[in-house]
Amino acid sequence: MKLVVVTAGLTQPSSTRLLADRLTEATVRRLDDPAPEVRVIELRDLAVDIANNFVTGFPGARLRAAIEALTEADGLIAVTPVFSASYSGLFKSFFDVLDPTALAGKPVLIAATGGTARHSLALEHALRPLFAYLRAVVAPTAVYAASEDWGGGGDDFTDGLAERIDRAAAELADLSRSRTPAREPMEPVVPFEQQLAALRR
């Protein structure tokens, strides 16, 4: 099982990365795989590579490796800070350089961080439509963490945030397990003319 985590936090330490880590830990606990392969992609480290891709049309080695890891993943956790009531420009730019089919059918857990709870709707009016456009399968529960959700400072968080993390992680794990169901063999396609002739007999 391959799980990729994309985090667009700009500071270090970053509450966005912290939320991504908590979501990853919760998801790994729920996967059937005892040792899933987890790859974290820090977009801050790829900012120049992403900009160069827009100018040249070609990804550099680091960006190409990140894109390949994402394409091959069985599940994705995508976390962005909220700027101006939407995802960050760096977050959007990364997904803009992907092939439009790279996320088709891929289970995705979306999450965001922000200063106040007022920005939580960015998950529904910005992130969810983005991944729906990319034809990903988005987990029903989206996770938003405002400053007040980090209860005691550090990496402590409130019971409400912990509950949302657990619920979203369980949904992503379920979606990832059922990503490649066994398919029934397809019946051969009979041309319309043959079907019509059979009906006339």
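**Exercise 1. Find out whether Phe91 and Phe131 are buried or exposed in this predicted model, and work out how their rings are arranged.**

Solution.
- Start with the surroundings: both Phe91 and Phe131 are buried.
- Next, look at the geometry. The ring centres of Phe91 and Phe131 are 6.3 Å apart and the planes meet at 75 degrees. Planes over 60 degrees apart count as edge-to-face, so this pair is edge-to-face.
- Now place the two residues in the fold. Phe91 belongs to helix H4 and Phe131 to helix H5, so their pair ties together parts that are 40 residues apart in sequence.
- Then turn to another pair, Phe94 with Phe95. Here the centres are 5.2 Å apart and the planes lie at 75 degrees, again edge-to-face. Phe94 and Phe95 are both buried.
- Finally, step back. The structure holds five aromatic pairs, and one aromatic cluster is formed by Tyr87, Phe91, Phe94, Phe95 and Phe131.

**Exercise 2. Which members of the largest nonpolar core touch the most other members, and which elements give two or more residues to this core?**

Solution.
- The largest nonpolar core has 39 residues, and those touching the most other members are Leu43, Leu76, Phe91, Phe94, Phe95, Leu103 and Phe131.
- Two or more residues come from each of S1, helix H3 (61-72), strand S3 (75-83), helix H4 (89-96), strand S5 (107-114), helix H5 (122-133) and strand S7 (143-146). The largest share, six residues, is that of H5.
- A further core of 19 residues lies apart from this one; among its members are Val5, Ala111, Ala145 and Ala168.
- To see the packing around one residue, pick Phe91. Leaving aside residues up to four places away in sequence, Phe91 touches Ala8, Leu43, Ala78, Val79, Thr80, Leu127, Leu130 and Phe131.

**Exercise 3. Work out how strand S3 pairs with S1, S5 and S4, and how many of its residues are buried.**

Solution.
- Take S1: it runs parallel to S3, with five bridges joining the two. In this pairing Thr7 stands opposite Val79.
- Move on to S5, which pairs with S3 in the parallel sense over six bridges. Pro81 stands opposite Thr113 here.
- Then comes strand S4 (residues 86-87), whose pairing with S3 is antiparallel and uses two bridges. Phe83 stands opposite Ser86. The hairpin of S3 and S4 has two residues between the strands, and Ser84 takes a positive phi near 50 degrees in it.
- Last, count the burial: eight of the nine residues of S3 are buried, so S3 is largely enclosed by the rest of the structure.

**Exercise 4. Describe the place of Thr7 and list what Thr7 touches.**

Solution.
- Thr7 sits in strand S1 (residues 2-7).
- Its relative accessible area is 0%; buried means under 20%, so Thr7 is buried.
- Without residues up to four places away in sequence, the contacts of Thr7 are Thr16, Arg17, Ala20, Val40, Ile41, Glu42, Leu43 and Val79. Val79 in S3 is also the residue that Thr7 stands opposite.

**Exercise 5. Why can the buried residues of helix H2 be said to line one face of the helix?**

Solution.
- First list them: Asp49, Ile50 and Asn53 are buried in H2 (residues 47-56).
- Now look down the axis of H2. The buried residues fall within an arc of 100 degrees, so they line one face.
- Check the other side of H2, where Val48 and Val55 are exposed.
- What does the buried face meet? The buried residues of H2 pack against H3 and H4.
- After the helix comes Gly57, with a positive phi near 85 degrees.

**Exercise 6. Is Asp32 buried or exposed, and how far apart are Asp32 and Asp174 in space?**

Solution.
- Locate Asp32 in the loop between helix H1 (15-30) and strand S2 (37-42).
- Its relative accessibility is 60%, so Asp32 counts as exposed.
- Asp32 and Asp174 are 142 residues apart in sequence, while their C-alpha atoms are 9.6 Å apart in space.

**Exercise 7. Where does the pLDDT fall below 50, and what is its mean over the chain?**

Solution.
- The chain has a mean pLDDT of 88, with 87% of its residues at 70 or more.
- Residues 180-186 have pLDDT below 50, and beyond near neighbours in sequence this stretch has zero contacts in the model.

Terms used. Residues are numbered from 1 along each chain as its sequence is written. This is a predicted model: local features need pLDDT of at least 70, side-chain atom pairs count only at pLDDT 80 or more; totals for chains, interfaces and linings use all residues. Side-chain values use heavy atoms; hydrogens and water are left out. Helices (H or I, at least four residues) and strands (E, at least two) are DSSP runs, numbered from the N terminus. Buried means under 20% relative accessible area, exposed over 50%, partly exposed in between (1.4 Å probe, protein chains only). Contact means heavy atoms within 4.5 Å. A nonpolar core is a set of buried Ala, Val, Leu, Ile, Met, Phe, Trp, Tyr and Cys residues joined through side-chain atoms within 4.5 Å. pLDDT is the predictor's confidence in each residue, from 0 to 100. Rings of Phe, Tyr and Trp (its six-membered ring) pair if their centres lie within 6.5 Å; planes under 30 degrees apart count as stacked, over 60 as edge-to-face and the rest as tilted. The arc is that of the directions from the helix axis to the C-beta atoms. Two strands pair if DSSP finds at least two bridges between them.
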